Amino acid sequence: MHIAIEGCSHGELDTIYNSVLRLEQIHGFKVDLLLCCGDFQSVRNEQDLKCMACPVKYMDMRDFYKYYSGEKKAPMLTIFIGGNHEASNYLQEFPYGGWVAPNIYYLGYAGVVRFGGLRIGGLSGIYKGPDYLKGHYEKPPYTGESVRSVYHVRNLEVFRLKQLSGESDIFMSHDWPRGIYHHGDKEKLLKWKQHFRSEVKNNTLGSRPAEELLKKIRPKYWFSGHLHVKFPAVLRHKDENTHKAKVTKFLALDKCLPRRDFLQVIEVQNAGPLELSYDAEWLTILRLTNHLLSVGTRTVYMPGPGGSERYQFTPTKEEIDDTIQMMGCNLKVPLDFVPTAQSYESSQGKPKMEQVHMPDPLLNPQTIVAPKGVRGEPHMCWHYSQAPCARRAETLLNPGRYPSSFQRDEAPLGAPKAPLPALTHCETNVMSLTRSERRHSSTVSDIRQAAQSRGSLCRTGLNPPVLPRPTPTHGKVQAETHHTLGKCP
Ligand SMILES: [Zn+2]
Ligand SMILES: [Zn+2]
């Protein structure tokens with residue numbers, strides 16, 4: 001299968017998709033998956049734009065709202081991580097990932113999924129030391145400080161990713177793993193980006209946690225954006241036990257601008273169906289580490305040797321089997337996108353940002369708030385289809401800010417807060433499902449069927465959205481090769 005990789009998207013979805021389609025025409029292949037390494041800018045409207053950390057003069061709607069409203073459709077499955085220029089309020093609706101638009105999937109603060117038999121992981125945000133040990137305390141409306149810290153990487157996600165075992169094929173981080181420049185053509189890089197020289201010399205350029213993850217996870221490919229330059233590198237890992245060399249091919253790409261190297265297509269052998277699934281080990285790690293989640297500002301250390309509590313969460317086979325059972329033996333990611341805000345209308349003209357206010361926090365219907373546990377354990381939020389895994393944790397947003405209906409039954413789903421658009425078909429259906437029905441529902445139509453069979457049809461009377469399935473497989477797979485770069489037209 002063919003995978004296209006984009007550096008920073010910066011909202012230029014039309015250009016990116018057109019460039020991929022042009023590459024398909026030139027080379028006669030079909031791209032099955034697009035990976036975007038952050039600065040995606042999933043901006044739906046002016047309020048989202050207000051929540052993006054950038055000077056007002058750069059606040060531009062770009063293209064995403066058209067894919068959100070249904071005016072346009074992503075031509076291939078698109079998976080992205082967050083960067084440091086994002087509609088942070090919207091991404092915070094999906095701490096554990098979800099569909100931000102039909103066919104466009106966000107991995108969450110950190111996430112691991114499977115597609116075509118490949119294991120694809122990612123870490124959102126950028127590393128900033130002072131915020132690394134804090135909880136996820138930020139929520140809209142943001143302050144001048146929290147609008148920036150909201151996208152800073154936290155140790156919880158890095159700790160969770162370090163528990164992964166087994167092979168990983170692809171990993172994405174927005175900022176580069178620190179030190180990766182020592183494994184490629186450093187001089188050429190410094191010719192392009194002379195201001196990197198002192199940081200490269202002191203080995204301070206890039207993310208320290210991403211460097212640790214690169215050395216621990218050792219994926220076959222690692223892709224990054226952020227520094228707006230193309231830079232390939234090859235890192236050879238030494239295994240002290242087996243003495244077998246393992247290699248990670250690193251590639252950083254530029255942002256989507258004319259005459260920049262912002263896009264790369266690779267061909268890899270797929271070993272499974274071209275549909276998006278959860279990774280059972282990752283879900284188990286999330287389940288086992290719920291209690292480590294903090295939403296406060298105080299320093300939180302992850303557990304380590306010497307204490308009485310468990311500090312290794314690489315799951316056992318039994319723990320993974322338990323997760324699979326909890327998921328009803330169905331790990332397919334349901335196609336359950338529902339809009340939660342009005343999208344921008346281009347006829348409105350350029351947004352007048354000084355008149356726009358930041359929105360209140362909102363929980364997406366794809367994310368669930370589990371109830372307070374019997375022993376007073378805190379709340380948690382979760383992607384609703386992962387709800388059977390949810391046992392205890394706390395919502396990443398302050399539960400006190402939600403309507404009381406959010407916590408009304410055993411495993412309620414969050415609903416948009418008035419005066420947002422009326423609840424849609426899917427939301428109402430989903431909300432009325434029992435836990436067991438949700439467990440056995442993997443698609444919107446499954447959910448609707450279950451709701452219908454219980455006579456709890458949606459009150460809006462609308463049909464559930466027909467969401468595109470991932471592009472089907474095509475032809476035979478070939479040996480792994482690299483293809484030409486696409487340049488912005
Ligand atoms: Zn960036
Ligand atoms: Zn960028």
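This is a short tour of one sheet, two helices and a loop glycine in a predicted model.

**Stop 1: the sheet.** Start by colouring the strands. You should find an open sheet of seven strands, in the order β10-β11-β9-β8-β7-β6-β13, with mixed pairing. Now pick out β10 (231–238) and β13 (277–278): these two stand at the edges with a single partner strand each, so one side of each has no neighbour in the sheet.

**Stop 2: a pair of strands.** Next, select residues 118–123, which make up β7, and residues 170–173, which make up β8. The two run parallel and are joined by four bridges. Click on G122 and look across to β8: the residue opposite is M172.

**Stop 3: a helix over the sheet.** Select 208–217 to see helix α9. This helix lies across β7, β8, β9, β10 and β11, at about 160° to β7.

**Stop 4: its helix partner.** Keep α9 showing and add α6, residues 155–162. The two axes come within 10 Å and cross at roughly 10°. That angle is under 35 degrees, so α6 and α9 count as roughly parallel. Show side chains for V158, L161 and K162 in α6, which meet P209, E212, L213, K216 and I217 in α9. In this contact, five residues are nonpolar, three are charged and none is polar.

**Stop 5: a loop glycine.** Finish at G206, in the loop between α8 (197–201) and α9. Is G206 buried or exposed? It's buried, because G206 has 25 C-beta neighbours inside 10 Å, and 20 is enough to count. Among the residues G206 touches are W176, P177, R178 and E211. P177 sits 29 residues away along the chain, yet the C-alpha atoms of G206 and P177 are 5.3 Å apart.

Methods. Residues numbered from 1 in each chain as written. Chains lettered and ligands numbered in written order. Predicted model: local features only at pLDDT ≥ 70, side-chain atom pairs only at ≥ 80, totals over all residues. Pairing = 2+ DSSP bridges. Contact = placed C-beta atoms within 7 Å. Axes fitted to C-alpha atoms, helices over the stretch in contact; angles between N-to-C directions. Parallel < 35°, antiparallel > 145°, perpendicular 65-115°, else oblique. Nonpolar A, V, L, I, M, F, W, Y, C, P; charged D, E, K, R; others polar. Buried ≥ 20, exposed ≤ 12 C-beta atoms within 10 Å, placed from the backbone. Lists of a residue's contacts leave out its neighbours within four places in sequence.
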